[in-house]
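This report goes through selected local features of one protein chain, from strand pairing to charged and aromatic side chains. The sequence and the structure are shown first.

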Amino acid sequence: MMMKNCMDIDECERNPLLCRGGTCVNTEGSFQCDCPLGHELSSSQEECFDVNECSLSDTLCRNGKCVNMVGTYQCFCDSGYQPTPDRQGCTDIDECMIMNGGCDTHCTNSEGSYECSCSDGYALMPDVRTCADIDECENNPDICDGGQCTNVPGEYRCLCYDGFMVSVDMKNCIDVNECDLNSNICMFGECENTKGSFICHCQAGYSVKKGTTGCTDVNECETGAHNCDMHASCVNVPGSFKCSCREGWVGNGNKCIDLDECSNGTQHCSANAQCVNSPGSYHCACAEGFTGDGFICSDVDECAENINLCENGQCLNAPGAFRCECEMGFVSAPDSRSCQGELCCLSSVLGWLL
């Protein structure tokens, strides 16, 4: 029996349409199709079909759109993203690295976007890129409560009024507690701190005078706020006053009564004068036959002053008076101040005796 030799048929050569979309590789007694990347073998094992990677997975081309291509796919990225070198993925674009994203001051990158922001004291304009200074003084008139606000680029400064002190950052006015600062600021009173100032609650006899600080003694004698008698002197003392009766008056000062110098022996009238008391004082009147101011009284020489005294006799001066020394045939009147005939006098004497 004769044996026949069998030779392998090269299907790939015989049928160029085999393994369309791929490469036909002859094998002993058969063939096989090698499909390129992105392709898969058909059920007949004789063709290579393109694989639609976009439909196989939802995770492809995150932040972009997946577009199938023969043997592969490409990503068309959303705004704010750029494709990877193999165009099979999307990566965030850092806009801040490109001219600071067009921002005036601060640029902050984010996934797929970016944001402009401003430094403290500045506000972002409607174009969301430009920064403009905020006028804090105009926006908040009370921002420097207790002082005057001055706007400066990016911030503000406080110039504080009296009674306030500026904070370290110069952005606030802090009330000064004058009571703690100076324990003697309300001498003779109690200090109460107020916003920007203080109040002195003064003790009796003291008050706060305009233009001064602290408590000042009240001069009750000048203001009339005393109860001294009208015949007393008012003497101001710290926080109060004293009353003392004037000369010629006695009492505690609040009530004064007249001092009767004539009866208590304190008068200085002449021995030849009469003391006459008067409110708050006294005066002296020389007795008849004496002349002077009452404190010194001199005898009046009636004989020298009136030469017609003692007719029919001789005038003799005497302290405070005078007497007549009659000539012969005349006798002295009972008061010794004139001379009368003896007959006349005898009748007078007899009449007196009867």
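V235 has K242 in strand 22 as its bridge partner. The model in which this pairing appears is a predicted one. The two strands concerned are strand 21, residues 232-237, and strand 22, residues 240-245, which pair in the antiparallel sense over 6 bridges. Together strand 21 and strand 22 make a hairpin with 2 residues between them. In the turn, G239 has a positive phi of about 80 degrees.

**Nonpolar core**

The largest nonpolar core is made up of 8 residues: C137, I143, C144, C149, Y156, C158, F164 and C173. Leaving out residues up to four places away in sequence, C158 touches C144, Q148, V166, M170, K171, N172 and C173.

**Salt bridges**

The structure holds 4 salt bridges. Three of them are listed here, with the distance between nitrogen and oxygen.

| Positive residue | Negative residue | N to O distance |
|---|---|---|
| R20 | E47 | 2.7 Å |
| K195 | D145 | 2.5 Å |
| K171 | E155 | 3.8 Å |

R20 is in the loop between helix 1 (11-14) and strand 1 (23-27), and E47 is in the loop between strand 3 (39-41) and strand 4 (48-50), so their salt bridge ties together parts 27 residues apart in sequence. R20 is exposed at 55% relative accessibility, while E47 is partly exposed at 23%.

K195 and D145 form a salt bridge that links distant parts of the chain, 50 residues apart. K195 sits in the loop between strand 17 and strand 18 (197-202), and D145 in the loop between helix 3 (136-139) and strand 13 (147-152). K195 has a relative accessible area of 57% and is exposed; D145, at 42%, is partly exposed.

K171 and E155 form a salt bridge; K171 lies in the loop between strand 15 (164-166) and strand 16 (173-175) and E155 in strand 14 (residues 155-160), so the pair joins parts that are 16 residues apart in sequence. K171 is partly exposed, with a relative accessible area of 25%, and E155 is partly exposed at 26%. E155, R157 and K171 are linked in a network of salt bridges.

**A buried charge**

Which side chain of opposite charge is nearest to E53? The nearest is R87, 14 Å away, and E53 is buried yet has no salt bridge. E53 lies in helix 2 (residues 53-56). Residues up to four places away in sequence aside, E53 touches G38, L60, N68, G71, T72 and Y73.

**Aromatic pairs**

There are 2 aromatic pairs. F188 and Y206 are stacked, at 4.5 Å centre to centre and with 5 degrees between the planes. F188 is in the loop between helix 4 (178-181) and strand 17 (189-194), and Y206 is in strand 19 (residues 206-207), 18 residues apart. F188 is partly exposed at 39% relative accessibility, and Y206 is buried at 12%.

Y282 and F295 form an edge-to-face pair, at 6.3 Å centre to centre and with 70 degrees between the planes. Y282 lies in strand 26 (residues 281-286) and F295 in the loop between strand 27 (290-292) and strand 28 (297-299), so the pair ties together parts 13 residues apart in sequence. Y282 is buried, with a relative accessible area of 16%, whereas F295 is partly exposed at 40%.

**A loop serine**

S336 lies in the loop between strand 31 (330-332) and strand 32 (339-341). S336 is partly exposed, with a relative accessible area of 27%. Neighbours within four places in sequence aside, S336 is in contact with F322, R323 and C324.

Note on methods: Residues numbered from 1 in each chain as written. Heavy atoms only, no water. Pairing = 2+ DSSP bridges. Helix = DSSP H or I, 4+ residues; strand = E, 2+ residues; numbered from the N terminus. Core = buried A, V, L, I, M, F, W, Y, C linked by side-chain atoms within 4.5 Å. Buried < 20%, exposed > 50% of the residue type's maximum accessible area, 1.4 Å probe, protein only. Contact = heavy atoms within 4.5 Å. Phe/Tyr/Trp six-rings, centres within 6.5 Å; stacked < 30°, edge-to-face > 60°. Lys, Arg positive; Asp, Glu negative; His and termini not counted.
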